[in-house]
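I sat down with this one over coffee and kept a few notes as I went. Here they are, in the order I looked things up.

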Amino acid sequence: MSRRTSRIVTNGLGILASLFFVFPVYWMVNTAFKSADQFQTYTPVFIPIPTLDNFIKALGEQNLAQLVRNSVFVTVSTVLLSLVVGFLAAVTLARVRFRGRASFLLLVAVAQMAPFEALLIPIFLAIRNGLPGPFGVLPIGYNQVPTLILIYFIFTLPFTIWSLRGFVAGIPVDLEEAALVDGASRFQAFMKVTLPLLAPGLVATSIFCFITAWNEYLYAYTFMADPTNYTLPVWLVSFRSNFGTDWGATMAASTLFTLPVLIFFLIVQRRMVGGLTQGAVRG
Amino acid sequence: MTRAQRKAKTPKGASALSVAPSRYHTRKTAVRDALPYVALAPAFLTFVLLLGYPVLLLFLTSLQQFGLYELFNNITTWIGVDNYYNLIFNSPAGLPDFATVLFRTVVFMAVNVALTIGLGTLVALLLAKLDRWVRLTLTSAMVLAWAMPVVTGAVLFQWLFDSKLGVVNWAISSLGIFGDYLNHSWFATGLTTFAVITLLIVWQAIPFVALSLYAGILSIPKELPEAARVDGASERQIFSNITLPALRPLLMMLIFLSVIWDFKVYTQIAAMNQGGPDGQTITLSLYTQILGPSDGQFGVAAAAAVIMMLLLLVVLVPYIRRMVKSQEEQ
């Protein structure tokens, strides 16, 4: 086989593989824009005459505003909580030598791999009736939306610490020390030198937390009883059964649910690589 | 900076050099020494209370008679290993027996891992050979699949494989090789339901594996395969003697991760067909969820979860050991 034909074959394979990955996504968006008579046919329509009917129908779903609010509330709270607690731990682990540092790192690594699918039962039993003692006043328990924040917080905290620690360690201490020599206080040096360099790391890490909390299904499905307390993933799966064969509306809902994740994911893709390499060059 | 360097920078005698170590100074040092522990306290407490305690509670629950009666009346009855015995020898009513579920979970995991790693490696090798624009196209396409929320993926694949209007049945029928697939129901048997779930999982898992391995291939010095080629080595020899050994550590990590993820899959299976038809796609994760929160047999469910966790430990321990080691080397 000549060089030229082998190049054509490899590139052809590359195109085929691309189609394999893209087609389902294309089919979701494609169906979302179809009118009922275009998706209810045996011979599929590949390029539809677009209509927004399905989106209007999906958005007109009862309680949707409430569900979006639930999901956004749970997700944003998880990200903030995880970031604050994780940041404190990450900076300490990256910048301070203290007794027990290695053991704590091990603890984080173990926590990161904790099989939450297996811990559903004890977590369910432990917080079904709320938290013990003075924490009992918190709205945590079966069928209470804030419960999910607590659960997703522990899901995301280990990764947050692990990832932020890496980003902080990637910023040379020398930069901070140079600022100290120039007369800045430790706090100023950290705020003015390290924190701006850390921004890509903070963005990337919070996006990971966002995606985890936004997509989670098992715990949301187990803990939330009232349909008004569902998060969007639980709604999406039940929406399928509620709407029966209305695939247009289902795909429109799926598209809307996917959109924020996709946008954030694309940002991380660039920033992760950019942030890491930039640090190396500037340092 | 190494530990030794840091020690050299702040000699132990520093405080002795200062003229008069006042009480103020010692208090300041004490505060400074305590600071790292204060900063770590919230994270540490979270791990202990929200993770350590549930693990302990899981073991304790698995040794108790724990049904809805005990739950509502707050009764604790210790029954030793009866839950484990019942789980293994008397299958719970309305559910497949434990041995079947365990066997099914392991086979399902093995098939998914093999497909993900095998195809992921092939795609990574392909990426290295492609022209720039095709590589960009393939990378973007993979990122799309990778980014898709699992729940959306499950709903979407139900639509693709829908018996009447699904595009897959239409495509297979149009090919004409396999006969008429119109109205073929993929979700009527356990095996074909698993096939669709596996396709979904592999479709979403290949991008991570392929892009990681591709980054690994890029980090191999170009001179090595070039020199081998000059010496007359075939592409296959280059792969098995240069590329594969260089990628081995990365490949091991990816296999560990895939085993862990595919062993405890819940969402794809539950959202696709709720473990159906007739419980034929119930795996370990679904089993504990159905037994526990749904049926209220918490003791037996906990026993199943403990077994699941112990099996996972076999892969988790070497994985975590490697991860910590690589982090310390940085």
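**Where the chains meet**

I began with the contact between the two chains: 71 residues of chain B are in contact with 70 residues of chain A. The model is predicted, so I read everything below as a property of that model.

Next I asked which element of chain B gives the largest share of the side that touches chain A. I found α3(B), with 15 residues. I then sorted that side of chain B by residue type and got 53 nonpolar, 12 polar and six charged residues.

**Chain A as a whole**

I counted the elements of chain A and listed 12 helices and zero strands. Is chain A spread out or compact? I compared its radius of gyration, 24 Å, with the 19 Å that the globule rule gives for 283 residues; the value is well over the rule, so chain A is more spread out than a compact globule. Along the principal axes, I noted a box of roughly 70 × 70 × 35 Å for its C-alpha atoms.

I also checked burial, and 42% of the 283 residues of chain A count as buried. For contacts in chain A between residues at least 6 apart in sequence, I noted that 72% join residues at least 24 apart.

**Helix α7 of chain A**

I picked out α7(A), residues 146-170, and checked its length. Its 25 residues should span 36 Å at 1.5 Å a residue, and I read 35 Å between the end C-alpha atoms, which agrees. I did find a kink of about 35° in α7(A), at Thr156(A), shortly before the proline Pro158(A).

Why do I call α7(A) largely enclosed by the rest of the structure? I counted 20 of its 25 residues as buried, so that description follows.

**A stop at Asn70(A)**

I looked up Asn70(A) and placed it in helix α4 of chain A, residues 64-95. Is Asn70(A) buried or exposed? I counted 22 other C-beta atoms within 10 Å, and since 20 or more are needed, Asn70(A) is buried.

Then I listed its contacts, leaving aside neighbours within four places in sequence: Val145(A), Asn229(A), Tyr230(A) and Thr231(A). One of these, Thr231(A), sits 161 residues from Asn70(A) along the chain, yet I find their C-alpha atoms separated by 5.8 Å.

**Chain B as a whole**

I turned to chain B and counted 15 helices and two strands. I noted a radius of gyration of 27 Å, where a compact globule of 330 residues would have one near 20 Å. The box I took along the principal axes is roughly 95 × 75 × 30 Å for the C-alpha atoms of chain B.

Buried residues make up 36% of the 330 in chain B. Of the contacts in chain B with a separation of 6 or more, I put 68% down to residues 24 or more positions apart.

**Two domains in chain B**

I noted from the domain assignment that chain B has domain 1 (22-78) and domain 2 (82-329). Their C-alpha centres lie 34 Å apart. I then looked at where these domains of chain B touch, and found 10 residues of domain 1 in contact with nine residues of domain 2.

On the domain 1 side, α3 (23-62), β1 (64-65) and α4 (68-73) of chain B each supply at least two residues. I saw that α3(B) gives the most, with four residues. My last tally for that side of domain 1 was five nonpolar, five polar and no charged residues.

Key: Residues are numbered from 1 along each chain as its sequence is written. Chains are lettered from A and ligands numbered from 1 in the order in which they are written. This is a predicted model: local features need pLDDT of at least 70, side-chain atom pairs count only at pLDDT 80 or more; totals for chains, interfaces and linings use all residues. Domain bounds come from an automatic or database domain assignment. Two residues are in contact if their C-beta atoms, placed from the backbone, lie within 7 Å. Ala, Val, Leu, Ile, Met, Phe, Trp, Tyr, Cys and Pro count as nonpolar, Asp, Glu, Lys and Arg as charged, and the others, Gly among them, as polar. The expected span of a helix is 1.5 Å times one less than its number of residues. The bend at a residue is the angle between axes fitted to the seven residues ending there and the seven starting there. A residue is buried if 20 or more other C-beta atoms lie within 10 Å of its own, exposed if 12 or fewer, and partly exposed in between; C-beta atoms are placed from the backbone. The radius of gyration is taken over C-alpha atoms; the globule rule is 2.2 Å times the number of residues to the power 0.38.
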